[in-house]
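Visitor: I'm new to reading protein structures. Could you walk me through one, a feature at a time?

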Amino acid sequence: MVQAVLRAEGELRDREKAVALVDETAPLINVVAANDAAWRAGIQLGMAQTQAQLCGVEIRRRSRAQEKAAHAALLDLGWSMSPRVEEHAQDTILADLAGLNSLFGAEENIAREFARRAAELHLRVQVAVSTNLEVAVHAARGFAGITVIPEGEEARYLSGLPAQTLAPSAEALETLERWGIRTCAALGALPVLELSERLGQEGVRLQELARGAHTRALVLAEPVEILEEEMELDDAVEDLEPLAFVLGRLLDQVCARLAARALSAAAIRVRFDLGDAFEKEEQVLNEQFSTKRFGEKTGIRAAGVNAVDGNGQSGTSAAKAELKMRANVVAKATTHKDSRVTTQAQDFSASVNCKDAEKTYEKVLNLPVPMRDSKMLLKLLRLQLQADPPSGAIVKITLGADPARPRSTQHGLFVPNSPDPEKLELTVARLAKLVGNANIGSPELTDTHRPGEFRMNRFFPQMNETRGRGRASKKSASDGNGEPAARRPATGCRIFRPRLAARVELREGRPAKIFFRGLYGRVVTASGPWRISGDWWREDAWQQEEWDLQIAFDGESAGVSASVLMNAPANMHAIAPVQDVKAQMRAGLYCVYYDGACRSWFVRGMYD
Amino acid sequence: MAANFAALRSQVELALAGRVVAPFNYRDRQEVVTVSSGISEIDLLTGGLPRGALTEIFGPSCSGRTSLLLSALSARTAQQEACALIDGGDAFDPHSAEAAGVELRKLLWVRCRNVEQTLRATDLLLQGGSFGLIAVDLSDIAPQLVRHVPLDSWFRFRRAVEDTPTILMLLEQESNAKSCASLGLRLEAGVAGWSRMPVEGAAESAPGCAAGGPVNYSRLPWGWLLEGTSARGEVSRSRVQKGNAGYFRGGFAAAAGAAREGIFRTRMDWDFFSLPIAAKRK
């Protein structure tokens, strides 16, 4: 538990401050865990928060979300070293070291590598190496630092450890204490048959564990597909600026975990629990719970203790204190039908989640290439959040990463430099913030003959591919220097967006005069009509008669301009005021069409 | 005195460390590397488009600015270079660009709404770097608005693109970048080319539908087809040096020569527009 909090708060970790964790077991807030410095300062398990504050230690609230993330980080540590990892407990993992000697050398070096990588994940670990799984677990829990147990000497190493390290049941522990059995050596020396008669199969198992003779196979854990980190905020945060620090910290942790598994992030998912909604839901929860409760407050404590079973504490004193507390509470829970209360509490938490799902804010940052640079990811995330900020105050942050294989590129000697994908993504994100997401990207023609149809794709140039599919790359020949041989260029067209309404006068079935943008033009040459239509099976079927017109503009039309301007786009003047339009549109080639659907003339664009 | 100078010099060098390599060393003007614009007439006239410099192309409507832009984009994307178009008036037509051979997947299109957005987008892209060509299209923006853009913006762009392989192309109605541009090219509209259907018997001046006589299709609108346009280019400013060591071969003689004008013609690829999308991509 303490490790989980220290992992998230670098200041506490670096200065090795005394930290005590408190948890709410209504109506009191008690100490549930502490680090060695806090024990030395006089902190005791079960102490009230007010008492603990008098000891001059840092008080933090227990966070199950952080414990979950710390456990996931511990698993990542295991997978970074070995593919065969067992998820033994909340604070303990087992890893198969077979084959690692060729990479790291002696077993002590392997253990040191574990500790080093754990430090990179902001975890302080105790490592034990043994040929026996259970011996490794108990040695890791019992001895500080690195312990390497040679084969055949398991019993000797375990002999000094207290019997509580073997995690006996409360009844068995009480019996052993009554007998005066306090160490593993004493427990291992007891005769098996008599122990079995008095403590049953548990006694036999404990005796085997104490002698280091209990054997079993490794139960492999499945690697998770999404790496998540969570943080609950003490006070709700409304502004994005202070949130950036928290996001940065979470991203650092996620990136460290990705690095531990030699992976990168293909997407970053961020979820905020919004304050108002959360408070309301809590209120609902309390009301429901008060009407439907089955047991007393002790029952709720038992539900919480189930989670404490997998406590991340290390150190003998913490283990002792926790064990006493657990024995105490289990005894109480038995009398209050804890199982029913536990089930009910789980139902409520599920209902809260369902309701919160409607009040949460989610954002997915899809990355063009897998990335692991936490600073770059933070910049991208901030730009995304600034473009679409959450609607309420944030009380909880969940940040996840979709893992992917890191990008590997082989640059060609003759391939021109292309923008760095990470830098490019940041530039595109900044541009998207400036002009809007819909206004930036790479255009792609859609599979239709409807004029002007295209879609915007995300811009990600694949520079290392073979020659592209573009017409130029296939048709143009090289001049010998790598440059394409110049050929007669295609006529460019400029599109008016939105389309310009026009009034056209026909003479003998062909346009003779045209009025648009407040200007009067005489048609010099006309080519058309080129009739096109499509999508007749849809509601937005289109039918157009297209003309290519060479127009000479003689001057402004007095009577027509007003009506034409009424149909003109509102932002037309922002682009080109009428006086300038007159100046620039003396003559030109325009694409004009008659829209059969709305029976009106429009100017599509200009050949330039 | 000398000690003071030395101290001052070291202080300045220290202050500019990381930004300017050697502030007191004379900086030789580097030879400009030029690349093809995709139009041979323009290449012969200008010596190609200079990298690491600002190229200004200006002229009235229908003067071939867009055709030149598409040709340049086509040439650069064909060379696997990433290009960017900052579209000040949102007038870019992806269909005609694809017809011109532009590989659209390698083109970043930024659709802006005003001059301020366009300039800020240009700044961001220049900082991003590594684009082969960055085109800033201000053709549809009123000249007096562009005139109000302070000169230091163009100067900043020129400095930002210097010593990079990027071609910064600016399209306007009037020249505004002045001395910040390494190459200035004025374009003017030429004559449009129209093709006619063959005349069957009748004289060209005969009416389209003479009673009882053969039809003169050339008098009918559907008897005409826009073939393309022509434009005249004139170099207004060029810093492309004589004896340029760039790898574009055709440019050196042209840049050093006396020719200041050139005419190029464009074509309409009507067949391309009628093709289905799958055939266009083949």
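Guide: We'll go from the whole chain to a helix, a sheet and a few odd spots. Keep in mind that this is a predicted model.

Visitor: Let's start broad. How many helices and strands does the secondary structure of chain A come to?

Guide: Chain A has 24 helices and 19 strands. It has 608 residues, and 48% of them count as buried.

Visitor: Now a single helix. How do I read one?

Guide: An α-helix has 3.6 residues a turn, so residues three or four places apart point the same way. Try α19 of chain A, residues 374–387: its 14 residues reach 20 Å from the first C-alpha to the last, close to the 20 Å expected at 1.5 Å a residue.

Visitor: Which residues in α19(A) are buried?

Guide: Ser374(A), Met376(A), Leu377(A), Leu378(A), Leu380(A), Leu381(A), Leu383(A) and Leu385(A). What the buried residues of α19(A) pack against includes α14 (240–260) and β9 (264–274) of chain A. Look at the start of the helix too: a side-chain oxygen of Asp373(A) comes to within 3.2 Å of the backbone nitrogen of Lys375(A).

Visitor: And sheets?

Guide: Strands of a sheet pair through backbone hydrogen bonds, either parallel or antiparallel. Here, 10 strands make an open sheet with mixed pairing, in the order β13(A)-β12(A)-β5(B)-β4(B)-β6(B)-β7(B)-β3(B)-β8(B)-β11(B)-β12(B).

Visitor: Which strands stand at the edges?

Guide: β13 (454–457) of chain A and β12 (261–265) of chain B. Each has a single partner strand, so one side of each is left without a neighbour in the sheet. From one strand to the next, the twist averages 25°.

Visitor: Can you show me one pair up close?

Guide: Sure! β8 (residues 183–189) and β11 (residues 230–238) of chain B are antiparallel, paired over seven bridges. In that pair, Leu187(B) is opposite Gly233(B) in β11(B).

Visitor: Where are the odd spots in the backbone?

Guide: Check the peptide bonds for cis ones. Arg497(A) and Pro498(A) are joined by a cis bond with omega of about -10°, and Pro498(A) is in strand β14 (residues 493–507) of chain A. The bond from Gly528(A) to Pro529(A) is cis as well, with omega near -5°.

Visitor: What about phi?

Guide: Look for positive values away from glycine. Arg517(A) has a positive phi of about 55° although it is not a glycine, and it is found in the loop between β15 (510–516) and β16 of chain A.

Visitor: Is Arg517(A) buried or exposed?

Guide: Its relative accessibility is 10%, so Arg517(A) counts as buried; the cut-off is under 20%.

How values were computed: Residues are numbered from 1 along each chain as its sequence is written. Chains are lettered from A and ligands numbered from 1 in the order in which they are written. This is a predicted model: local features need pLDDT of at least 70, side-chain atom pairs count only at pLDDT 80 or more; totals for chains, interfaces and linings use all residues. Side-chain values use heavy atoms; hydrogens and water are left out. Helices (H or I, at least four residues) and strands (E, at least two) are DSSP runs, numbered from the N terminus. Buried means under 20% relative accessible area, exposed over 50%, partly exposed in between (1.4 Å probe, protein chains only). The expected span of a helix is 1.5 Å times one less than its number of residues. Contact means heavy atoms within 4.5 Å. A polar contact is a pair of N or O atoms within 3.5 Å; within protein, one must be able to donate a hydrogen and the other to accept it, and residues adjacent in sequence count only if both atoms are side-chain atoms. Two strands pair if DSSP finds at least two bridges between them. Axes are lines fitted to C-alpha atoms, for helices over the stretch in contact, and angles run from 0 to 180 degrees between N-to-C directions.
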